[in-house]
2 protein chains.
Amino acid sequence: MAADYQAADSVGIVEPRTLHFQEPVRLEGGHTLPEFDLVVETYGELNAEADNAVLVCHALSGHHHAAGFHSAEDRKPGWWDACIGPGKPIDTNRFFVVSLNNIGGCHGSTGPASTNPDTGRPYGPDFPVVTVRDWVKTQARLADRLGIEQWAAVIGGSLGGMQALDWAIHYPERLRHAVVIAATPRLTAQNIAFNEVSRKAITSDPAFHDGRYLEHDTSPQRGLMLARMVGHITYLSDVSMGEKFGRELRDHAYHYGFDAEFQVESYLQYQGERFSENFDANTYLLMTRSLDYFDPAREFGNDLSRAMAEARCRFLVLSFSSDWRFAPEHSEKIVNALVDARRDVSYAEIHSNWGHDAFLVPNERYLRLFRAYMNRVAEEPRHAR
Amino acid sequence: MAADYQAADSVGIVEPRTLHFQEPVRLEGGHTLPEFDLVVETYGELNAEADNAVLVCHALSGHHHAAGFHSAEDRKPGWWDACIGPGKPIDTNRFFVVSLNNIGGCHGSTGPASTNPDTGRPYGPDFPVVTVRDWVKTQARLADRLGIEQWAAVIGGSLGGMQALDWAIHYPERLRHAVVIAATPRLTAQNIAFNEVSRKAITSDPAFHDGRYLEHDTSPQRGLMLARMVGHITYLSDVSMGEKFGRELRDHAYHYGFDAEFQVESYLQYQGERFSENFDANTYLLMTRSLDYFDPAREFGNDLSRAMAEARCRFLVLSFSSDWRFAPEHSEKIVNALVDARRDVSYAEIHSNWGHDAFLVPNERYLRLFRAYMNRVAEEPRHAR
């Protein structure tokens, strides 16, 4: 059963639009972007009180296209179509959903492949490192532009969940709920190590040209492919890879060579190759670095409870049992800090074999809990807060 | 306290020697090696009955130099010096210990960097894929040469443990004990996936030249570095990396760039670079492929118990709590199959934070159990069997 733009629970055909922001934005690393574009999709209608808006934040390789289809011929819907649509957990009959491509991205928002106004050439390696704080700052500009004083909820999985956490800490009055899925309050050494391998794969590719590959009319596709292959392993779990591939051979025999003969090998290569054709290498570097740097407790004396005490919103935190990238213990650290800070938090660890990717995969209990929480968000009278 | 060749529990200065084997060996993949060399070190003395010999099998990047020092100036002892020496678990006062570099290796035994007698050039990519079976077959030739009809024990960690398993299944009369540490009866899809990323890193390096890099007077060092970085992460554990590095920065500040600034980044890069200078890329491909193919149950209808029923020796199986490459469940599969096959097996899961590398790291309970078992091996009268 293919996804269908005419399905009753689909947002249907959607169209991205580009918003231009003239005011410079000073980034955490010290650089200033003189101006920037954000590519945005919205689903549902903003109500008269402008109090039903939900912001969806994307993860590492994500973008603005979270739900629906770009055309009737489109075979695949947006990346979070399982959760966004009429009657879905983020119910577009009730919410006005805003989804964007973050700055530094490679799907239309200002990023390394954009033209640097100072030089007339692509930014490339001159695009400044951007952090979760920087994204949230530009998302706040977006909210201003859309006339949204306060989000009903800011929602994200993985790196998206970190953005929701940052909103709660740094713009406490501007959201009523944060939904933080499969996230972490900060990466472990192992997480950083995997990111570093990915970056090294890209930067050591001779086609990288110190980041100026576009000017050389090329792209470090081998490096990107390797980065994605490593990443992909960490997004899945040993169990899900075992269930999906096991030790299955492509033609039932050992060939005693190095061509892909286990199914899992050709799958990984395929994923890596497809990704490397469609993603910008400099963006990959930026996104992984943003993950590394995220550590909201840092400016609060490494005390996450103190960071979370800044928040005024309510929280839903979800984790997945087989996620070994940001295992449930990562989410529990967030929950413990919220409890210590006496914030209102609901937490569930969802049983799933899908590893970190589980936040993208429909799962009955996941969807049920998510929907129940979002119903509460929709029904709660704003003035009660 | 540095290791010292004069220490009472050191085997002291040792010298490798090269044994040449004239008889061709037919490999599992169908190729025949017309002749081959094995580089060997031995520690301790073979007794008159030739019944105190122990074979130590190396893992992925290992070699024959398992204990002692090559010179008085040598700063680091062999890779398993913690376990081999007078009074150590593999007690050289009691055992004659044999350690070799397997064929396909890059430390002196015949491998891809050796001269192909058919062409007068390095084998390179023409060196045939070798399997655990092939290694055990050549090790049996080595035993013949040394006058060892039956090993007191065949011992190994990780890929070395797989060789011990294979000995038990295919040469049941030629060993009295198998010590199988941090091993697995077969790799999972995730294990194979990590190996494939490593291989792809090497083979996609332009300096690989389809494996003929020696003839181009170069080496795919970037690829090898990446392969080692990925491997290294899987040898350690999230906990040990956290304890060793955490999120420590090299100079206490974020620099908002892509140079190594977290300690874990520079450590990984250093490890990768050192390794890439000293290891042969084709050997790395061969060793990882041998891991992928190992699956002794395969020729027994995928029934590991049937495979283990071939064995006549006794077994010690050890696993480590934080090993996520070959987690304790892998060892438990071996133990369960042995129990089903009514073999004599001792098993322990050792608590350690060192991940897969724990088999190389001195740990009180590990050394105590290992020593106690080896004492039993030494004291047991051969005629009692």
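**Strands, helices and two matching chains**

Visitor: Do strands E4 and E8 of chain B run parallel or antiparallel, which of the two?
Guide: In chain B, E4 takes in residues 36–43 and E8 takes in residues 96–100, and four bridges join them. Keep in mind that this is a predicted model. The direction of this pair is antiparallel.

Visitor: Which residue in E8(B) is the bridge partner of B:Glu41?
Guide: We can stay with E4 and E8 of chain B, which are linked by four bridges. Look across from B:Glu41 into E8(B), and its bridge partner there is B:Ser99.

Visitor: Which are the edge strands of the sheet in chain B?
Guide: This open sheet has eight strands in the order E1-E4-E8-E5-E9-E10-E11-E12, with mixed pairing. An edge strand here pairs on one side only. The two that do so in chain B are E1 (17–21) and E12 (345–350).

Visitor: At about what angle does helix H1 of chain B run to E1(B)?
Guide: H1 of chain B spans residues 132–146. This helix lies across E1, E4, E5 and E8 of chain B. Its angle to E1(B) is about 105°.

Visitor: Which residue in E8(A) stands opposite A:Val56?
Guide: Over in chain A, E5 (residues 53–57) and E8 (residues 96–100) run parallel and are joined by four bridges. Opposite A:Val56, in E8(A), stands A:Ser99.

Visitor: What relation do chains A and B have?
Guide: A turn of 180°, with a shift of 0.0 Å along the axis, lays chain A on chain B with an RMSD of 0.0 Å. Such a match is therefore the relation of a two-fold axis.

Visitor: What percentage of the contact residues of chain A recur in chain B?
Guide: Both copies use the same surface. The share of chain A's contact residues that recur in chain B is 100%.

Visitor: Which word describes how H6(A) lies to H3(B)?
Guide: H6 of chain A (residues 263–278) packs against H3 of chain B (residues 189–203), with axes 9 Å apart and an angle of about 55°. Roughly parallel would need an angle under 35 degrees, and roughly perpendicular one of 65 to 115. The angle falls in neither range, so H6(A) is to H3(B) oblique.

Visitor: How many charged residues are in the contact of H6(A) with H3(B)?
Guide: Among the residues that meet here are A:Glu265 from H6(A) and B:Glu196, B:Arg199 and B:Lys200 from H3(B). The contact also has six nonpolar residues and one polar residue. The number of charged ones is four.

Conventions. Residues numbered from 1 in each chain as written. Chains lettered and ligands numbered in written order. Predicted model: local features only at pLDDT ≥ 70, side-chain atom pairs only at ≥ 80, totals over all residues. Heavy atoms only, no water. Pairing = 2+ DSSP bridges. Least-squares fit on C-alpha atoms with pLDDT ≥ 70 in both. Contact = heavy atoms within 4.5 Å. Axes fitted to C-alpha atoms, helices over the stretch in contact; angles between N-to-C directions. Parallel < 35°, antiparallel > 145°, perpendicular 65-115°, else oblique. Nonpolar A, V, L, I, M, F, W, Y, C, P; charged D, E, K, R; others polar.
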